[in-house]
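Colleague: I am new to this structure and should like to learn how to read its features. May we work through them one at a time?

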Amino acid sequence: MNVDTARRIALAAQGFAEPRPSGPPTRRHLQRALRRTKLLQLDSVNVAVRAHYAPLFSRLGAYDPGLLDEAAWTHRASRPRLLVEYWAHEASLVPVEDWPLLRWRMREYAARDWPHVRAAVERSPQLVDEVLTAVKDLGPIGAGGLERALGDAGRRGKGTWWNRSDTKVVCEYLFAVGELTTGSRKGFERLYDLPERVLPPDVLGQRELDAAEAARELVARSAEALGIATETDLRDYYRLGVAQCRRAVAELVEEGVLEPVEVLGWRHTAYRHVAARAPRRVTGRALLCPFDPLVWERSRTERLFDFFYRIEIYVPAAKRVHGYYVFPFLLDERLVARVDLKADRAAGVLRVPGAFAEPGADVGRVADELAGELRLMAEWLGLPDVAVGERGDLAAPLRAALS
C-alpha cells in the first residue's frame, strides 16, 4: 500500500472524509464525531481555545461549545451525559460506556506506591475518609472548596508534588483510583463527585475486565479511530504498555479485526482495521490544534504527511521555529501550512503571530482557504477580527487574503 492510500484511510477514520453539517451542528453530529475520535484530550493551555473543544470545531465547524459541556458535565434524565473524565490518552473525556475498560488502570494505580500520597496520609491519617465524606455531602466540589470545608486537616502543609496541598494530592489520587470522578467543571476547575452520582448504574455494574481483555478492546478502539496504524501508534492512543498492546494486536489479527499491511516507506508493519475504508479522495479544510488525535503522535504525523511537527510551548521564545501554540492546517489530503494562534479576548482579535507554508504548497490557494477558516474560527470564538503578524512566508499572502 502506498502512503497516499494510508493517509486517506487515516483521514476517513477520523471523520475528515465527511462534509461538515450544512446547518448548526446538533447533539447527533457531536455523537458522530465522538464515535470517530473515541476520546478528547484535556489540557490546561487556553492560548487559542481549550484542547477538548478544538477537534470538534475541526470536524464540525462552528458548533455550540455548550453541546460538549452538556455531554461531559451535565446530566438530566432526558439527556444523559455522554462523556466522563479519566486518564486515557493523558487526561481525557471518554464515552461513559468505556469507563469499565479503564478499571484495570485504576486497579494498577491503587496498587502503586505514591510517595506524595503516602506523605500526605502520614500527616493526616483521616484525610482520605474526610475527603470522600465531604464530597458525598457537598459535591460536586473543587479541591479549593474541600480545603476550606476541611479546615486545618485540608491545609496541613504543602505536598512535594508540584506544591499541591495535601487535600489536592488526595483528590487526584482518589480520581486516579476511580473513587472520585469529575461531576462538573467551573471554568477549567475540576469539581469532584462520586462515580455513582455521575455514571449510570448499568455502567458501574458491569463486570470488571482483566487487563488483557480491556487492552484488546482498547486496541480495537484505537485501530478504529486511526484506520491504519503501527503497533506503536495503537499503543499510544490509550497509553498502553508494550507487552499488553502487542498481545492484544496479535489476538485481534487472529480474530480478523486487524489486517497486517505494508505501507511503502514505513519501517514497521501497519495494521488496518477491518472496517476502515479508503475514499478515492478527501476534500475540505481544518485547523488542527496540537492535541488533535490526527496529529498528536508526532512520528505518525511525519510518516503520513511528511510533516515534522513539535509543540514549542516549553521552548524558550528565542529558539522557537514556528511559535508558541501552532495549528497545522489541513487542506484536502495534505498538511499544507501551520499558523501560530492566540485568542486576544480583551481586544476581540484572533491573532496570527506567524504563518508558514509547507514546501510545494500552492500559496495562493492555501492563503485563501486558510483565511476562510480563520474567519470561521474567529466568529466561533466570538472575536470580530483576525490580525496577522509578520513572521513566516505565508504571512503577507494571508493578510492579503483576509483583506
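Colleague: Across which strands does helix H4 lie?

Modeller: In this predicted model, helix H4, residues 65-73, lies across S1, S2 and S3. Its direction runs at about 75° to S2. The three strands beneath this reading form an open sheet in the order S1-S3-S2, with antiparallel pairing. Strand S1 (40-41) and strand S2 (83-88) stand at the edges with a single partner strand each, so one side of each is left without a neighbour in the sheet. S1 pairs with strand S3, residues 90-95, over two bridges, and glutamine 41 has serine 92 in S3 as its bridge partner.

Colleague: In what order do the strands S6, S7 and S8 form their sheet?

Modeller: The order is S6-S8-S7, in an open sheet with antiparallel pairing. Strands S6 (228-230) and S7 (258-261) are at the edges; each has a single partner strand, so one side of each lacks a neighbour in the sheet. On average, neighbouring strands of this sheet are turned by 35° against each other, direction ignored. Three bridges join S6 to strand S8, residues 270-273, and isoleucine 228 stands opposite arginine 272 in S8. Helix H13, residues 211-226, packs on this sheet and touches S6, S7 and S8, its direction making about 85° with that of S8.

Colleague: How should one read the two faces of a strand, and is S10 covered on one face or on both?

Modeller: In a regular strand, side chains alternate between the two faces of the sheet. In S10, both faces are covered: Val326, Pro328 and Leu330 are buried on one side, and Phe327, Phe329 and Leu331 are buried on the other. Six of the six residues of S10 (326-331) are buried, so this strand is largely enclosed by the rest of the structure.

Colleague: Which strands pair with S10?

Modeller: Strand S9, residues 285-287, is joined to S10 by three bridges in the antiparallel sense; leucine 287 there has phenylalanine 329 as its bridge partner. S10 also pairs with strand S11, residues 334-344, over six antiparallel bridges. S10 and S11 form a hairpin with two residues between them, and aspartate 332 in the turn has a positive phi of about 60°.

Colleague: How many residues does the largest nonpolar core have, and where does it lie?

Modeller: That core has 58 residues, and those with the most contacts inside it are Leu56, Phe327, Val352, Leu374 and Leu398. Helix H17 (363-380) gives the largest share, eight residues. Domain 1 (3-102 + 205-273) and domain 3 (310-402) both contribute residues, so the core lies between them. Leucine 398 touches several residues, including Val352, Leu370 and Leu374. Another core, of 57 residues, lies apart from it and has Leu132, Ala143, Phe175 and Ala225 among its members.

Colleague: Turning to charged side chains, which parts does the salt bridge between glutamate 18 and arginine 32 tie together?

Modeller: The closest N and O atoms of this pair are 3.4 Å apart. Glutamate 18 lies in the loop between helix H1 (3-13) and helix H2 (27-37), while arginine 32 lies in H2, so the pair ties together parts 14 residues apart in sequence. Glutamate 18 is buried, with a relative accessible area of 19%, whereas arginine 32 is partly exposed at 42%. Glutamate 18 also meets arginine 36 in a salt bridge (2.2 Å, N to O).

Colleague: What separates arginine 365 from glutamate 369?

Modeller: About one helical turn, because they are four residues apart in helix H17. Their side chains meet in a salt bridge (3.9 Å, N to O). Both belong to a network of salt bridges that links Arg20, Arg285, Asp332, Arg365, Glu369 and Glu373.

How values were computed. Residues are numbered from 1 along each chain as its sequence is written. This is a predicted model: local features need pLDDT of at least 70, side-chain atom pairs count only at pLDDT 80 or more; totals for chains, interfaces and linings use all residues. Side-chain values use heavy atoms; hydrogens and water are left out. Two strands pair if DSSP finds at least two bridges between them. Axes are lines fitted to C-alpha atoms, for helices over the stretch in contact, and angles run from 0 to 180 degrees between N-to-C directions. Contact means heavy atoms within 4.5 Å. Buried means under 20% relative accessible area, exposed over 50%, partly exposed in between (1.4 Å probe, protein chains only). A nonpolar core is a set of buried Ala, Val, Leu, Ile, Met, Phe, Trp, Tyr and Cys residues joined through side-chain atoms within 4.5 Å. Domain bounds come from an automatic or database domain assignment. A salt bridge is a side-chain nitrogen of Lys or Arg within 4 Å of a carboxyl oxygen of Asp or Glu. Lists of a residue's contacts leave out its neighbours within four places in sequence.
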